[in-house]
Amino acid sequence: STAESSSSSCRVMRAAFEAIGGEVRELDATSDEERDALFGAADFIVDALWGTGLRRPLEGPAARLVESLNASGARVVALDVPSGLDADTGEVLGGAVRAEHTVTFAHLTRGLFTTRGHELSGRITVSQIGVPRALPGHVAPSAGWLEERDLTERLSSRSPTSHKSTAGKVAVVGGSAGMFGAPRLSARAAFRG
């Protein structure tokens, strides 16, 4: 956006960037050639287009911007989430940036861990920016992260003299005519366990 329409914090950051020799160029949204040439000459691109707030599919100049960025061949780092990815669901909203590395802030973002989110995000880093790690008591987490120790803490130790009759029983119920793959897989997993 232009300096006149940007927030005061954005104007301060722009002035600081320019003070250390950075150059800010505003692209004409209709000039595909100018954008493609600029991106094609870049070795490194930071994707900070939409962050976590995007809720509608990209179209028109925004979609072309993402296509051009992806075709540039530059190394891409996304901030928050790759632009075009829904931060909550991981849905691709009309097109999305393919990043080599994504830096998300304060907490992990759910959408990064869906199949498409993981595919588009590359390596994920959480950057602490002063937001408390623990959620306030009245806020419930929307998802959890399951690690091996979470499972091993719930398993009790087995006696060296235990056998199949003292380790519990498993019943697998499922399937329908011709659809027995999931029950078979579950039964095999129980047998191996």
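Okay, let's start with the aromatics: going by ring centres, there is one aromatic pair in this structure. Keep in mind as we go that we're looking at a predicted model.

So which rings are they? The partners are phenylalanine 113 and tryptophan 145. A pair of aromatic rings gets described by two things, the distance of the centres and the angle of the planes. Here the centres sit 5.0 Å apart and the planes make an angle of 75 degrees. Anything over 60 degrees counts as edge-to-face, so that's what we call this pair.

What I like is where the two rings come from. Phenylalanine 113 belongs to the loop between S3 and helix H4, which is 115-121. Tryptophan 145 is in the loop between strand S4, 123-127, and helix H5, 148-152. That puts the two 32 residues apart, so the pair links distant parts of the chain. And is phenylalanine 113 buried or exposed? In between, actually: its relative accessible area is 36%, so we call it partly exposed.

Now over to the strands. S1, residues 44-47, runs parallel to S2, residues 75-79, and four bridges join them. If you want a spot to look at, find valine 46, which has valine 77 of S2 opposite. To get from S1 to S2 the chain goes through helix H3, residues 60-71, and that β-α-β crossover is right-handed. On to the next pairing: S2 is joined to S3, residues 101-105, by three bridges, again running parallel. There, leucine 79 has valine 103 in S3 as its bridge partner.

Let me stay with H3 for a moment. How does its span work out? With 12 residues at 1.5 Å a residue, we'd expect 16 Å, and the end C-alpha atoms are 17 Å apart, so that agrees. The buried residues of this helix are Ala62, Ala63, Leu65, Val66, Ser68 and Leu69. Among the things covering them are helix H2, residues 32-41, along with S1 and S2. Then, just after H3, you hit glycine 73, with a positive phi of about 85 degrees.

Last stop, arginine 158. You'll find this arginine in the loop between H5 and helix H6, 181-192. Its relative accessible area is 52%, so arginine 158 counts as exposed. What does arginine 158 contact, leaving aside neighbours within four places in sequence? That would be His163 and Ala167.

Okay, that's my tour. Over to you.

Conventions:
Residues are numbered from 1 along each chain as its sequence is written. This is a predicted model: local features need pLDDT of at least 70, side-chain atom pairs count only at pLDDT 80 or more; totals for chains, interfaces and linings use all residues. Side-chain values use heavy atoms; hydrogens and water are left out. Two strands pair if DSSP finds at least two bridges between them. A crossover is right-handed if, with the strands pointing away from the viewer, the path from the first strand over the helix to the second runs clockwise. Rings of Phe, Tyr and Trp (its six-membered ring) pair if their centres lie within 6.5 Å; planes under 30 degrees apart count as stacked, over 60 as edge-to-face and the rest as tilted. Buried means under 20% relative accessible area, exposed over 50%, partly exposed in between (1.4 Å probe, protein chains only). Contact means heavy atoms within 4.5 Å. The expected span of a helix is 1.5 Å times one less than its number of residues.
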